[in-house]
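Visitor: I'd like a close look at a single part of this molecule, with the cut-offs spelled out as you go. Please choose one stretch of the chain and then set it in its surroundings.

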Amino acid sequence: LALLPIGILDAGKALLDPHLLLIGLGVALLSSVLPFSLELEALRRLPTQVFGVLLSLDPAIAALVGALILHETFDLRAMFAIACVTLAAIGSSRFRKRIIA
């Protein structure tokens, strides 16, 4: 909504093109509605420790997709940061499991 006035000034009536609106709807569904819905359904069905481990892999998967599809390159510091975040999340879910048990 914040960028809508800028888009209207720049593109005007082209924003009402049905093809463009369909693409926008597809992007909206695939980028937020579908992932959040699937994540909430997984949270209901999986044990919290398993969900935590899977969720901790998000940075690593995002980096892998960025490298494969967008041809991004990561320096050693970025790879180390991704590994630290993933290991910390896995460690905290394992540690929490021992405290609860």
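Guide: What follows is a close look at helix α2 (residues 18-45), and then at the rest of the chain.

A word on conventions, with pleasure. This is a predicted model, in which local features need pLDDT of at least 70 and side-chain atom pairs count only at pLDDT 80 or more, while totals for chains, interfaces and linings use all residues. Residues are numbered from 1 along each chain as its sequence is written, and side-chain values use heavy atoms, with hydrogens and water left out.

The chain has five helices and zero strands, so read from the N terminus its elements run α-α-α-α-α. Helices here are DSSP runs of H or I with at least four residues, strands are runs of E with at least two, and both are numbered from the N terminus.

Let us begin with the charged residues of α2. The structure holds two salt bridges, a salt bridge being a side-chain nitrogen of Lys or Arg within 4 Å of a carboxyl oxygen of Asp or Glu. In general, side chains of opposite charge can pair when their charged atoms come close. Arg44 pairs with Glu41, with 3.0 Å between the closest N and O atoms. Arg45 also meets Glu41 in a salt bridge, at 2.7 Å from N to O. Glu41, Arg44 and Arg45 are thus linked in a network of salt bridges.

Why do these residues sit about one helical turn apart in helix α2? Because Arg44 and Glu41 are three residues apart in this helix, about one helical turn separates them. Arg45 and Glu41 are four residues apart in helix α2, which again makes about one helical turn.

How open are these side chains to the surroundings? Buried means under 20% relative accessible area, exposed means over 50%, and partly exposed lies in between, using a 1.4 Å probe and protein chains only. Arg44 is exposed at 64%, and Arg45 is exposed at 67%. Glu41 is partly exposed, with a relative accessible area of 29%.

Next, the nonpolar residues. Leu22, Leu25, Leu29, Leu30, Val33, Leu34 and Leu38 form a nonpolar patch on the surface, with about 690 Å² of accessible area together. Patches are made of residues with over 30% relative accessible area and no salt bridge; like charges are joined within 9 Å, and nonpolar side chains (Val, Leu, Ile, Met, Phe, Trp, Tyr) within 5 Å. The areas come from the Shrake-Rupley method with a 1.4 Å probe, and for residues only the protein chains shown count as cover. Leu38 is in helix α2 and is exposed, with a relative accessible area of 54%. Leu34, also in helix α2, is partly exposed at 42%.

Two separations place α2 relative to other stretches. Leu34 and Val53 are 19 residues apart along the chain, and their C-alpha atoms are separated by 20 Å. Ser32, which has its place in helix α2, is 19 residues from Lys13 in sequence and 26 Å from it in space, C-alpha to C-alpha. Ser32 is partly exposed, at 27% relative accessible area.

Now for the surroundings further along. Helix α4 (residues 58-69) has twelve residues, so at 1.5 Å a residue it should span 16 Å, and its end C-alpha atoms are 16 Å apart, which agrees. The expected span is 1.5 Å times one less than the number of residues. His71 follows α4, in the loop between α4 and α5 (76-100). The phi of His71 is near 60°, a positive value in a residue other than glycine, and His71 counts as exposed at 64% relative accessibility.

In helix α5 lies Thr86, which counts as buried at 10% relative accessibility. Leaving aside neighbours within four places in sequence, Thr86 is in contact (heavy atoms within 4.5 Å) with Ser56, Leu57 and Ala60.

Finally, the whole chain. Its radius of gyration is 20 Å, whereas a compact globule of 101 residues would have one near 13 Å; the radius is taken over C-alpha atoms, and the globule rule is 2.2 Å times the number of residues to the power 0.38. The C-alpha atoms fill a box of roughly 60 × 35 × 25 Å along the principal axes. Of the 101 residues, 10% count as buried. The accessible surface comes to about 8,400 Å², of which 75% belongs to carbon and sulfur atoms.
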